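Colleague: I should like to go through this structure step by step. Could we begin with its interior and then turn to its strands and its surface?

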Amino acid sequence: MKCSIRNFKLHPQRKLNRAPGPLKDGNVKYVLMGDGAGTVFEIDENSGDIHATRRLDREEKALYTLSAKAVNKTSGLDLEKASEFIIKIHDINDNEPKFAKDTYVASVSEMSNVGAFVIRVTATDADDEAYGNSAKLVYSILQGQPYFSVEPETGVIRTALPNMIRENREHYQVVIQAKDMAGQMGGLSGTTTVNITLQDVNNSPPRFPHSTYHLSTPESAGIGSSVGRIKAYDADVGENAEMWYSILDGDGQDMFNIITDSTSQEGVITVKKQLDYESKRLYSLRVQVTNTHIDRRFEQLGPFSDTAIVRITVTDVDEPPVFSRTLYIFEVDEDTPAGSSVGTVSARDPDTINHLVKYTIDRHTDLERLFNIDSNNGTISTLQGLDRETSKWHNISVLATELSKFELVPVFIKVRDVNDNAPEFAMYYETFVCENVKAGQLIQTISAVDTDEPLVGHKFVFSLSSINPNFTIFDNEDNTARILTRRGGFNRREMNSYLLPVVISDNDYPIQSSTSTLTVRVCACDSRGNVQTCSTEALLLSAGLSTGALVAILLCILILLMIVVLFAALRRQKKKEPLIISKEDVRDNVVSYNDEGGGEEDTQAFDIGTLRNPEVIDTNKLRRDIMPEMLFPFRRSSPLKDNTDVRDFINGRLQENDSDPTAPPYDSLATYAYEGNGSLAESLSSLESAATEGDQEFEYLSHWGPQFKKLADMYIGQESQRET
């Protein structure tokens, strides 16, 4: 038996049906078996009514297969065969629609047309789609109008307004509802949220916030340095907001440049050429900004560029002097006398207020002090004579100073050559002539060199200083000459060498000439003219002297030398009476003290009392270095026995010595123990000198007389160089 129930749910204790079978009072019992028997369904064993024990849910289980039979209560035997039936649960609208996500994220380009697709949302309903409208869903928009709309059947969200602008509003929140029962009254519903973002497109052109910008920079700003920054603003984002800057025109177009900072999207104005406040103080530029990426769909919203005026003020800076040239080249003859002008350098103060410019030479570049410069007009002159053969070029640096600013300029001085050097032999010549030579034979070819540097090259003229009977010279006119024999038949025994003076002249102005002597040795040669020997020994051998004879001659000479040396030694052994017998005789002699002492106030070295006591003077001692001319020599008068001043005592001794007839006829050194009042130069000791030489003044040396002129030039020159 099959039983089907539709369109309602069974409730507990509700009578479902009666199981068929024979009815016998008190002996029949009904038994239920199958899916859910005893748990979900139960049967009344007496009446056969089937009841549901709990609430049934179709979405949990839609079909139950059961079987029922009748049995004898007493015997338990089946009264009939079991009957099978199916219980089908009919659906009711008890489930609301549910979306796959609680929140959706979507985006759409700004400026999109109406109906542009945004996203599709879907919901599901657990109810039976095949039975009634319990699972038939309809979508609607609860929030987000009038910007967006949703298709009721598909859940597709589209734009509802044209040309929505991201710059006005970027984010939107849309709430979508799904309702079953085809949207009819009483149906169940579910909602979801969709967050929609407008994607940027390049629909906003860049714009400068100001039409004019004012910047300033000092005139000393280096090339490439930044003057200032300007920035345009673009409402777009990302690559749509990227910009680049350029200079369209203006009187500062050649002086300034503009580059784009890709990070900050700013225009950086830089110095293109060196500025000069005194030449031009104000510049004007017309600057343009343009989007890098332009969307052709929105060209009608343009132009996607903007312009602004930038005015740049150049401020004054105290600048160093400026030379009229970057370097100077002067020429001067090497025989120019000291004090002659070489050339003039010129510098000016570029500032508005011109200050006086002073010139000096950097002495580190002129250590020999060859040049000087007029500090007011910049004229360079020579301090010494110049020699091109020593140095052809002199490279010095001149400083132009204005207040605290200075500038250096290189000065190259070329020393022009003057014919002041005579030509001479190019090398040392070893010249020989054979004894058997014939007249007109070439014995040597000579050449010359000249340290001067003529404009058209050297041209030397060779000649002999006088007519020589033995040799002659022939000028080849190519700066060489040939030495020829004038006669033949030379003899080493008569003359083993000849001195030949050769005069060499140049062709420059003034003509310089020199005489160089050529030594010509006479040698023995074979028949072919090859030298065999030129030595003196060979000459002696050829005269008939043997080697033994030569050795005997040398021994005799050696013995004679030894006798002379021995005789001189014996002569020196003879004793002579010394000029000074003892150290007691201190008259008019140099007395040496091995202790330096501390000056006239130091009495430790010797006893100055001796000079004050006239009794210690032995007036009877005579001079021993000369023979007395009289038997009774002049007797010196004794000084007064009172305590006479040392100065008077020494002056008296000086006068006595000058008038002493026994004084020697030659100069003699007389020493007096009195220092005196000092010289005009005062003390020259370095012990009292200042700590540094820079603290001293040396001008007073010029007034001491000609003896100190060299010393004054040295110290005054060093002081001037140090100040420079």
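**Core, strands and surface**

Modeller: In this predicted model, the largest nonpolar core has 25 residues, and those with the most contacts inside it are F208, Y245, F256, I269, V287, V310 and I312. At least two residues of this core come from each of β15 (212-218), β16 (226-230), β17 (243-249), β18 (256-261), β19 (266-271), β20 (282-291) and β21 (305-315).

Colleague: Which residues does V310 touch, not counting residues up to four places away in sequence?

Modeller: V310 is listed among the residues with the most contacts inside the largest core. Leaving out residues up to four places away in sequence, V310 touches Y213, L215, I230, I269, Y283, S284, L285 and V287.

Colleague: In which sense do strand β10 and strand β13 pair, and which residue stands opposite I141?

Modeller: Strand β10 (residues 138-143) and strand β13 (residues 171-179) are joined over 5 bridges, in the antiparallel sense. Opposite I141, in β13, stands I176.

Colleague: Over how many bridges does β13 pair with strand β14, and what is the bridge partner of H171?

Modeller: The pairing of β13 with strand β14 (residues 189-199) is antiparallel and runs over 9 bridges. In β14, H171 has as its bridge partner T197.

Colleague: Which residues make the nonpolar surface patch, and in which helix is L555?

Modeller: The patch covers about 790 Å² and is made by V551, I553, L554, L555, I557, L558, L561 and M562. One of these residues, L555, has its place within residues 547-572, which form helix α2.

Key
Residues numbered from 1 in each chain as written. Predicted model: local features only at pLDDT ≥ 70, side-chain atom pairs only at ≥ 80, totals over all residues. Heavy atoms only, no water. Patch = residues over 30% accessible without salt bridge, like charges linked within 9 Å, V, L, I, M, F, W, Y side chains within 5 Å. Areas by Shrake-Rupley, 256 points an atom, 1.4 Å probe, with all protein chains shown as cover. Salt bridge = Lys/Arg side-chain N within 4 Å of Asp/Glu carboxyl O. Helix = DSSP H or I, 4+ residues; strand = E, 2+ residues; numbered from the N terminus. Core = buried A, V, L, I, M, F, W, Y, C linked by side-chain atoms within 4.5 Å. Buried < 20%, exposed > 50% of the residue type's maximum accessible area, 1.4 Å probe, protein only. Contact = heavy atoms within 4.5 Å. Pairing = 2+ DSSP bridges.
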